[in-house]
Amino acid sequence: MNEGLQYRLAASGGAVAADHTHKRGSERCMKWRKMADHVQGLAQLEILCKQLYETTDTAVRHQAEKALVEFTNSPDCLSKCQLLLERGSSSYSQLLAATCLSKLVSRTSNPLPLEQRIDIRNYVLNYLATRPKLAAFVTQALIQLYARITKLGWFDCQKDDYVFRNVIADVTRFLQDSVEHCIIGVTILSQLTNEINQADTTHPLTKHRKIASSFRDSSLFDIFTLSCNLLKQASGKNLNLNDESQHGLLMQLLKLSYNCLNYDFIGTSTDESSDDLCTVQIPTSWRSAFLDSSTLQLFFNLYHSIPPSLSPLVLSCLVQIASVRRSLFNNAERAKFLSHLVDGVKRILANPQCLPDPNNYHEFCRLLARLKSNYQLGELVKVENYPEVIRLIANFTVTSLQHWEFAPNSVHYLLSLWQRLAASVPYVKATEPHLLETYTPEVTKAYITSRLESVHVILRDGLEDPLDDAGLVQQQLDQLSTIGRCEYEKTCALLVQLFDQAAQTYQELLQSTNSSAADITVQEGTGRLTWLVYIIGAVIGGRVSFASTDEQDAMDGELVCRVLQLMNLTDSRLAQAGNERLELAMLSFFEQFRKIYIGDQVQKSSKLYRRLSEVLGLNDETMVLSVFIGKIITNLKYWGQCEPITSKTLQLLNDLSLGYSSVRKLVKLSAVQFMLNNHTSEHFSFLGVNNQSNLSDMRCRTTFYTALGRLLMVDLGEDEDQFEQFMLPLTAAFEAVAQMLSTNTFNEQEAKRTLVGLVRDLRGIAFAFNAKTSFMMLFDWIYPAYMPILQRAIELWYHDPACTTPVLKLMAELVHNRSQRLQFDVSSPNGILLFRETSKMITTYGNRILTLGEVPKDQVYGVKLKGVSVCFAMLKAVLSGNYVNFGVFRLYGDDALDNALQTFIKLLLSIPHSDLLDYPKLSQSFYSLLEVLTQDHMNFIASLEPHVVMYILSSISEGLTALDTMVCTGCCSSLDHIVTYLFKQLSRSTKKRPTPMATDDRFLHIMQQHPEMIQQMLSTVLNIIIFEDCRNQWSMSRPLLGLILLNEKYFADLRNSIVNSQPPEKQQAMHLCFENLMEGIERNLLTKNRDRFTQNLSVFRREVNDSMKNSTYGVNSNDMMS
């Protein structure tokens, strides 16, 4: 039976019971036999569904999953899905049918015909209407199916009618029926809005944006208005919210309103983690809904009248409404809107009954944060009840901070509000008082005292310590740094008082004879000091946000003296015991102190230094730096086995080594000279080859040697003896590895550890040596003596990424011509020899890694793709380093270049397209390598097999729409090189020049066989430029001219279809835009011509956007991507 016909029959109520009496008997027998098979198959499917969703046996579930995947891919899947929906006895089989149908309508290859999709849509609506009491997950899956069909068919026409767009009409019959039907209708709209708002990976982003824009312009406001009207009706009636169905209806209505307000109106695809900066880009056509205060009032009224379980959704809607873009209003309208908003907030604060619910509390904190992220302090102070509201908000904040254990993740929003308020104080011009000088110190005090009080409770009750969540603590301290600087005298006085109390108590505890480090009172004292050291570091770091005075610098001096005195005390006791958290707080303090008071831009006459001199005898920056280095060496000595402290200590050393003046002062210190002459595991335990440690824990060694390398370079000059002396420990390590590898029986783990540590050290030195003289010393030291050891390691351990990745990264660093350091003498063959080694390593690694076969998806990046990515980066660095003439390889029959390029192709073809864009490091290294290859080695690209060329072109096509601008720009550049090459070849062939090389002919032939690939890219680039927020317009313009000149007829068709898709009154303007685009453009790709085209394109984009601003169709009517 025809599948489409089956659906039409089903939609009218009789799926398989049609009358076939006029058929011949034999056909009837065959049909019944088929039905019997269907019924038998149906029973089998139901068993599989039960096994998939209910069994606890993993093997059985895996088998069921495998069988159901085969079913999804079978040719009769569609008809069986309908039978499952009609006759399936379990909800699981209905769920399977719905999900299978979703997959069928979503597939991009061999899509279902329009008729069939319309039938499925009608069938689903009918099915939902006649079965309102299905299992919730089945209803959800069917609604999802409806939403998917509607989204993907949004531009499909049948007899000049957009058949999938009358969504409100589809839903109206549900809204006029029972409460259950109403819930289904509202859920359909909610799910559809959500579906259209979300991009999916299987369809181009440009197509998604066009559907989303069209839906926004044609339907979204009507849906939002409908949801508000239904909410008004619901709040007007006395809803019985104990009734589950009425409760469910209200919840779905609120979700629908939220989905409308949370819509990505302008295609920015914002990252949800950047919550505080979010502005809701409501279209101008929605102004009426927000100028009328009844919309805002509706949600505030709902908050007070519905149960606490639903009010978080109401607050989520209010957060979005509070974030409406400022430009939607003029000044008077905005002031009025803000006044209503602040009144609503005040009402909630005055009646806080629902706020103890964590979800309500969290959303309300978000709402408070939006008051300042979207409005200025100058506007807030003019609101009628501002003094009362700021008092209530301050009290709410203080209470929240005091209850630190309640909803800790919500505190971020409150601190964010006060941070923004405090930062605005110097700029506020309004005459009305802002009162922040009164309330900000209260907030600062509440934060500091509550953190100190928490220490006792955490130790007493064995709770989770917030200090263990370094990210959260750092985020809060960043916010406090600004808040604390407001009325800084009060903050400082409080910190000095609290610190002196805590330090005195701590000292007394240590001096009492019976206390030990494990004593709970000592732990409590340490915990309080840890918080205070973190907070002092933060407020010193906050100096950057404010114009500081001498008095404030002197206050900073008071705080710094106290922390340094505490450090002297704790360091003197490290031999007996230390506290990891306190040490991390010290490092955080030193980092902030370094940023503000050490470096080339700092005023050395600062009052801070005067105070340090008076109290601690530290008279200048050199003496302060000696304190830093003393702390760094102490940490490396006592905390070498503690990875967090070691890595942060080394990061501090690294940061100090970056400053031009500070690095020169550091080198003069005896402690630094000691480090340069004694960098061995004997003095620094973290350099030891410890069998217990993980190979990846050695990463910090690279940081250590980068800093040492910078320090060594200050006075190194051309002194080879000093260099050799410095390298002695590394020479000994290389000799030890060489010795091990030369015997058949060696301790593999020890060899690996020694080698990995060594290559990490060398990478640090290579990174630091960015001058020719010093880098050449390193190069001569490592080549040719030790290069074979690296090659041997790759051969032996290619399957162990913990070992190969550091080796490959070292090689990638050695071939990187950073600051033109790789400049060999004219008589030196070293450039070519270095490339040979690079080629050998890439080839060895590439060929061996491909022997691993299929790698599980969850391990593929670590085991294979990471190494491949480093190989791509290495090849790119050496090809673009400008120290090798690649023409000589073919000239002298050297296959090093060919081997490297062929290995690149083999590795590339082993990677699925999706992985190229899924892993950012891989995509960046691949696309930057491709850019170099298309620029300098286009003859190689032209000589490739057709399937390889198509793979590369497809990857460029997909990369053009990537979210990463770097990838997108690289694709534009690669495409430009390819198009320019093609254009030149075509020009030569028409000018009857001497016969081109066979490869050129072959490449041209491939392109002529597959014109759709270049046409697709022309369409994509034009789409992005016209319809999207094009962040790299210049890069996009470069390949576009070549694409147009290669496809003039296709471009003309594209232009006509875009013009015709406009409303009649705008077609002439759009036609003129295209005429102006090509005005003065000649048929060549000379730089002058390209530049003129780029200028024309800039004007074209502006004019097209202006033309389409008032158009309700425009971008939406013509599906260029189909």
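These legends go with three close-up views of a predicted model.

**View 1. Helices α9 and α10 lie side by side and cross at roughly 150 degrees.**
Start with α9, which covers residues 179-197, and α10, which covers residues 205-236. Their axes come within 10 Å. Angles over 145 degrees count as roughly antiparallel, so that's the label for α9 against α10. The crossing of α9 past α10 is left-handed. On the α9 side, look for Val186, Leu189, Leu192, Thr193, Ile196 and Asn197. From α10 come His208, Ile211, Ala212, Phe215, Leu220, Ile223, Leu226 and Leu230. Sort the residues of this contact and you get 11 nonpolar, three polar and no charged.

**View 2. Helix α31 is mostly covered.**
Here we're looking at residues 700-716. Of the 17 residues in α31, 14 are buried. How far apart are the end C-alpha atoms of α31? They sit 24 Å apart, which agrees with the span expected for 17 residues at 1.5 Å a residue. Just after α31 comes Gly717, and its phi is positive, near 55 degrees.

**View 3. Helices α42 and α44 pack at an angle of about 120 degrees.**
This pair brings together residues 920-936 (α42) and residues 946-959 (α44), with axes 12 Å apart. The angle makes α42 oblique to α44, and α42 passes α44 in a left-handed crossing. Phe926, Tyr927 and Leu930 are what α42 brings to the contact, while α44 offers Ile952, Ser955, Ile956 and Gly959. By type, the residues of this contact are five nonpolar, two polar and no charged.

Notes: Residues are numbered from 1 along each chain as its sequence is written. This is a predicted model: local features need pLDDT of at least 70, side-chain atom pairs count only at pLDDT 80 or more; totals for chains, interfaces and linings use all residues. Side-chain values use heavy atoms; hydrogens and water are left out. Axes are lines fitted to C-alpha atoms, for helices over the stretch in contact, and angles run from 0 to 180 degrees between N-to-C directions. Helices (H or I, at least four residues) and strands (E, at least two) are DSSP runs, numbered from the N terminus. Angles under 35 degrees count as roughly parallel, over 145 as roughly antiparallel, 65 to 115 as roughly perpendicular and the rest as oblique. A crossing is left-handed if the near helix is turned anticlockwise from the far one by less than a right angle, and right-handed if clockwise. Contact means heavy atoms within 4.5 Å. Ala, Val, Leu, Ile, Met, Phe, Trp, Tyr, Cys and Pro count as nonpolar, Asp, Glu, Lys and Arg as charged, and the others, Gly among them, as polar. The expected span of a helix is 1.5 Å times one less than its number of residues. Buried means under 20% relative accessible area, exposed over 50%, partly exposed in between (1.4 Å probe, protein chains only).
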